[in-house]
Amino acid sequence: MAEATQPDSDHEEDSGRRDFLNYLAIGVGAVGAASFAWPVINSMNPSKDVLALASIEVDLSKIDVGSAIKVVWRGKPVFIRHRTEKEIEEAKDVDISTLIDPETDAARVKEAQWLIVVGVCTHLGCIPLGTADGEPRGDFDGWFCPCHGSHYDSSGRIRKGPAPKNLVVPTYTFLTDSTVKIG
Amino acid sequence: MSNHPAPNFKNPVIRWVDSRLPVFSYVHAEYGVFPMPKNLNYFWNFGALAMVVLMVMILTGIMLAMQYTPNVDLAFNSVERIMRDVNSGWLLRYIHMNGASMFFIVVYIHIFRGMYYGSYKNPRELLWILGVVILVLMMATAFMGYVLPWGQMSFWGATVITNLFSAFPLIGESIVQWLWGGFSVDNPTLNRFFALHYLLPFIIIAVVALHVVALHIVKSNNPDGIDVRGSQDTVPFHPYFTAKDSLGLAVFLLIFAFFVFFAPNYMGHPDNYIVADPLVTPPHIVPEWYFLPYYAILRSFVDGWWIYEIFFGWWAAAKLAGVLAMFGSLIIVAVLPWLDTSKVRSCRYRPIYKWAVILFLIDFIILGWVGGKPAEEPYVTIAQGATMYYFFHFLILTPLIGWIERPKPLPASISEPVLKAGSGAQFAGASAAKMEKS
C-alpha cells in the first residue's frame, strides 16, 4: 500500500506498526477462538460416565466344547468360544504369510481352548454370525459377517472379504480356570 | 433488475413498508416480472418442487419433534405413540418419511436435468456446486433422521456409516469415538443426531437461498442451452411459470399422496419396525433406497478387484478405498463443469454425449439396484462394473466426447426452433424477423 502512494518514510514506518498490530490482534483472536473451539469439540467425545465402564467377569464353566457365547462389554458384544481340537489345529496350521492381517494363533489366545474376541466386524461394525448354534460360520470355521461377506477363521482372523483386520482381542485375564475378567 | 423499476403499489401499507424494506419490490422483481426463457419444459419444475418438499419436511418435522423422545429406551416407543395416539401423528410421520424419498426423487431428476441440458456450464458453475453442497447436506440430514426411530435398520445403518470414518489411518478410531460419544452407537449418538437433524435443514435453507440468488444472477438455462438474446426470448415468471410450476406441483402432490395414503412403507424397510438391538445384526443391512448407488460403490472395493489393486492396492486398504471412492463419487459431480470440455450446453445438439448421459443414468440405476442386493455373485461383479463405469463416464468419456464430438448447428435464437416447428420452415425467418422488431 505504501509503495503505491508516495514513498513517505513516516508512512512506511506507520504501516509496519499497523501490520504488526493487525497480526497481533488476529493472532490473539485466533488463539482465543481455538481455545473456545476445543471444549466445544471435546464435549462430543466420550463423557466420564461412558468412560467409567467397569470391566466384566464371565463364568466359562457353562460353555461346552465347540460352542460359544456372546457377552456385552462397553456396549459391544464379545465372543467367547470353547474351541474343539480340530478348530485349534486349523488355526495353528495356517501359513501366516497368506493372511490378510498376519498373526499367529498363539498371539491371539492365552489358553488354546478359549478364543476371546470383540464380536464387531472390522469392516463396518456389524456383528458376525457363527456364535449361536446353527448360524453360518463362513468358509473357515469361524464367523461370517452377513453385511458385506467377510469370513473369519477359528482364531478370529480375517480370511476372505472386505474387512481389513482380524477381530480385536480385548485385554483379559483368567481369574480362575473357569472365570475370565474382560477389560 | 434495473430494467424493472419498483411498481407503484396502491395499498398505502405496502407502500409504507416497501419504502423502508423493499420486500414487495424484491418479490415483484424476482418472481413477478423476472425474465424466464420461454422454451422451458416440465423438467424445469423440479427446483420449485424441491423447495416445496423442503418446506413440507420442515413443517412436519417440527411437529414430530414436539412428540419424539431422543433416548435409546424411549425413542422407538415414542414413534409408535406418534403413530397410534397423537392426533394425526400417523399422517405427519408418513408425510415426513415419504417426503424424504420424494425429496431425493425430485432432486435426482433436477440434477439429471442439469446434466442433460448442460446447466452446469459457464456461467453456472457455482450454482451447480451449491447444488451439490445441498445434496450432501440432504444426505447427512436424511441419514441422521433415519436413525431417530431407533429400529434395527436405524441402529445398524448408523453403525455401518459412522464406521466408514474408521477407515482413515491413525485418526480414524478417534474420529469414530468422537462421533459416537462412546464406544458404540448409543444414547449420546442418538441425542446428537437428533440435534443435528433439527439443525441441518436450516443450513439447507441457507444454501438454497444462495443457490437461488446465484440462479437469479446467471438466470435459468433452457432446453436449447443457448443464451437469451433479449426480451423476445423470455416471458415473465408470473403468470407463465407460477402456472406451469403449479400444474407440475399438483401432479407431484398426487404422487406423493399416493405413497402417503396407499403405500406408506413401500420405500422403507420392515426391519426398522423392530427395536434396535446392539447384539443382533440383521442378516441384510441396506440403507434407504436413495443411498443405494453410493453404497454399491462403497462395497465394490474388495481385495483382488483389479481396479482396486491398480489404483489403491499399493497404498490403501480396501475399506479406505471404498470410502474414498464413495466420497469421490460426489466430489466428481461438483467438478463436472471442468470435466466437460464441450462448449455446447444442451444434449439436444450433442449427438454422442446425449447417449453417454442416458447410459450414465442407466448405470446409476444399476448401481442402485445392486446396492440393495446381498454382497454375493453375480451382484459383486455387476456392482464393480457399474462403479468402474461411473468414474469412466466422468473422468474419460465426458472430456473425450467434448473433444471429438461434432455438435449439431445451434439455433440462432430460442424463438427459432419453436417457430420452425410451429409454422413451417419457410415462414420462420420472416416471423422471427418480425419478432425482433416488435
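**Exercise 1.** Work out how much surface chain A exposes, and what share of it carbon and sulfur atoms supply.

*Solution.* Start with the total: chain A exposes about 10000 Å² (Shrake-Rupley method, 1.4 Å probe). Then take the share: carbon and sulfur atoms supply 58% of that area.

Before going on, a word on the ground rules: this is a predicted model, where local features need pLDDT of at least 70 and side-chain atom pairs count only at pLDDT 80 or more, while totals for chains, interfaces and linings use all residues. Residues are numbered from 1 along each chain as its sequence is written, chains are lettered from A and ligands numbered from 1 in the order written, and side-chain values use heavy atoms, without hydrogens and water.

**Exercise 2.** Describe the build of chain A: which helices and strands does it have, and why is it called more spread out than a compact globule?

*Solution.* First, count the elements: three helices and nine strands (DSSP runs; H or I of at least four residues for helices, E of at least two for strands). Next, read them in order: α-α-β-β-β-α-β-β-β-β-β-β. Finally, check the spread: the radius of gyration is 28 Å, well over the 16 Å that the globule rule gives for 183 residues, so chain A is more spread out than a compact globule (C-alpha atoms; the rule is 2.2 Å times the number of residues to the power 0.38). Its C-alpha atoms fill a box of roughly 90 × 40 × 25 Å along the principal axes.

**Exercise 3.** Find how far apart the mean positions of the positive and negative charges of chain A are.

*Solution.* Take the 19 positive and 27 negative charges, with Lys and Arg as positive, Asp and Glu as negative, and His and chain ends not counted. Each charge is placed at NZ of Lys, CZ of Arg, CG of Asp or CD of Glu. The two mean positions are 7 Å apart.
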